[in-house]
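Visitor: Got a minute to walk me through this one? I'd like the quick tour.

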Amino acid sequence: MDKKIVVARIEEILREKGISQEEFERNAEVADTVKQWKKNAKRDAHLQPSFRAIEKTCEYLGVNLAYFFTFEKEETRKIRNMELYRAICALDEESLKLAEAVVKRFGKTKKIKKLARRFIKINYTKPAHTKLITKIKFMCCRFIQKKVQKNGRGGLDCEYWQMHGWLDKNRPWNRT
């Protein structure tokens, strides 16, 4: 098997697993071997990667050889599903319940991600539109704060309103 194909497959699996190249190079015994494959790909084109080096790499990446040598997405998915099924069958009752909870929670995470995508689209640099009811409630509170301050019973609340200038002309929805 060509070194370029093996290196490309390793990089693909690293992306799938979310492992950075630097992390791989720090932790894998075979990282130096893979580096040499990349570096000397043209010079040593006639040499093939050793099966033991590929096996060690698969061991580090947590994939079996069948998965490593499968290049079609559908076939890869079938192998991953079979491995997952075998792992689930080996679980005890408590671990199985935990796995079920994780799967159920994953469905909720999709909803959270959908909401997050909506929030990302909001332009937070532009002030939000303040509804009329909010302005009316603010004016009522402002009226009460002014009366309290006028009677000399103000406190921290009145000081806070005064500090922000809300008892005068400033409003919270008008950023100055």
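Guide: Here is a short run through the fold, the charges, the surface patches and a few single residues.

Visitor: Is this experimental or predicted, before we start?

Guide: Predicted. Every value here is computed from that predicted model.

Visitor: Fine. How many helices and strands are in the chain?

Guide: Nine helices and zero strands. From the N terminus on, the elements read α-α-α-α-α-α-α-α-α.

Visitor: And what share of the residues counts as buried?

Guide: The chain has 176 residues, and 23% of them count as buried.

Visitor: On to charges. How many salt bridges does the structure hold?

Guide: Two. One pairs Glu 12 with Arg 9, with the closest N and O atoms 3.3 Å apart. The other pairs Arg 52 with Glu 55, and there the closest N and O atoms are 2.8 Å apart.

Visitor: Where do Glu 12 and Arg 9 sit?

Guide: In helix H1, which covers residues 3–17. They are three residues apart, so about one helical turn separates them.

Visitor: Is Arg 9 buried or exposed?

Guide: Buried, because its relative accessibility is 2% and the cut-off for buried is under 20%. Glu 12 comes out at 21%, so Glu 12 counts as partly exposed.

Visitor: What about the other pair, which helix holds Arg 52 and Glu 55?

Guide: Helix H4, residues 51–61. Again the two are three residues apart, about one turn of the helix. Arg 52 is partly exposed, with a relative accessible area of 45%. Glu 55 is also partly exposed, at 30% relative accessibility.

Visitor: Switching to the surface. Which residues form the positive patch?

Guide: Lys 110, Lys 113, Lys 114, Arg 117, Arg 118 and Lys 121. Take Lys 110 as an example. Lys 110 lies in helix H7, residues 93–120.

Visitor: Why does Lys 110 count as exposed?

Guide: Its relative accessibility is 52%, and exposed means over 50%.

Visitor: Which residues make up the negative patch?

Guide: Asp 92, Glu 93, Glu 94 and Glu 100. Glu 100 is found in helix H7. At 45% relative accessibility, Glu 100 counts as partly exposed.

Visitor: Now the nonpolar surface patch. Which residues make that one?

Guide: Leu 115, Phe 119, Ile 122 and Tyr 124, with a patch area of about 430 Å². Phe 119 is in helix H7. Its relative accessibility is 47%, so Phe 119 is partly exposed.

Visitor: So what does helix H7 bring to these patches?

Guide: One residue from each patch can be placed there. Lys 110 of the positive patch is in helix H7. So is Glu 100 of the negative patch. Phe 119 of the nonpolar patch is there too.

Visitor: Cysteines next. How many disulfides are counted?

Guide: Zero. The rule asks for two cysteine sulfur atoms within 2.5 Å.

Visitor: Is Cys 58 buried or exposed?

Guide: Cys 58 is buried, because its relative accessibility is 2%. Cys 89 is partly exposed, with a relative accessible area of 48%.

Visitor: Last stop, Tyr 67. Where is the place of Tyr 67?

Guide: In helix H5, residues 65–68. Tyr 67 is buried, with a relative accessible area of 2%.

Visitor: How far apart are the C-alpha atoms of Tyr 67 and Ile 79?

Guide: They are separated by 6.3 Å. Along the chain, Tyr 67 and Ile 79 are 12 residues apart.

Visitor: Good. Give me the recap on folds and charges.

Guide: Nine helices, zero strands. Two salt bridges. Zero disulfides by the rule used.

Conventions:
Residues numbered from 1 in each chain as written. Predicted model: local features only at pLDDT ≥ 70, side-chain atom pairs only at ≥ 80, totals over all residues. Heavy atoms only, no water. Patch = residues over 30% accessible without salt bridge, like charges linked within 9 Å, V, L, I, M, F, W, Y side chains within 5 Å. Areas by Shrake-Rupley, 256 points an atom, 1.4 Å probe, with all protein chains shown as cover. Salt bridge = Lys/Arg side-chain N within 4 Å of Asp/Glu carboxyl O. Lys, Arg positive; Asp, Glu negative; His and termini not counted. Charge placed at Lys NZ, Arg CZ, Asp CG, Glu CD. Helix = DSSP H or I, 4+ residues; strand = E, 2+ residues; numbered from the N terminus. Buried < 20%, exposed > 50% of the residue type's maximum accessible area, 1.4 Å probe, protein only.
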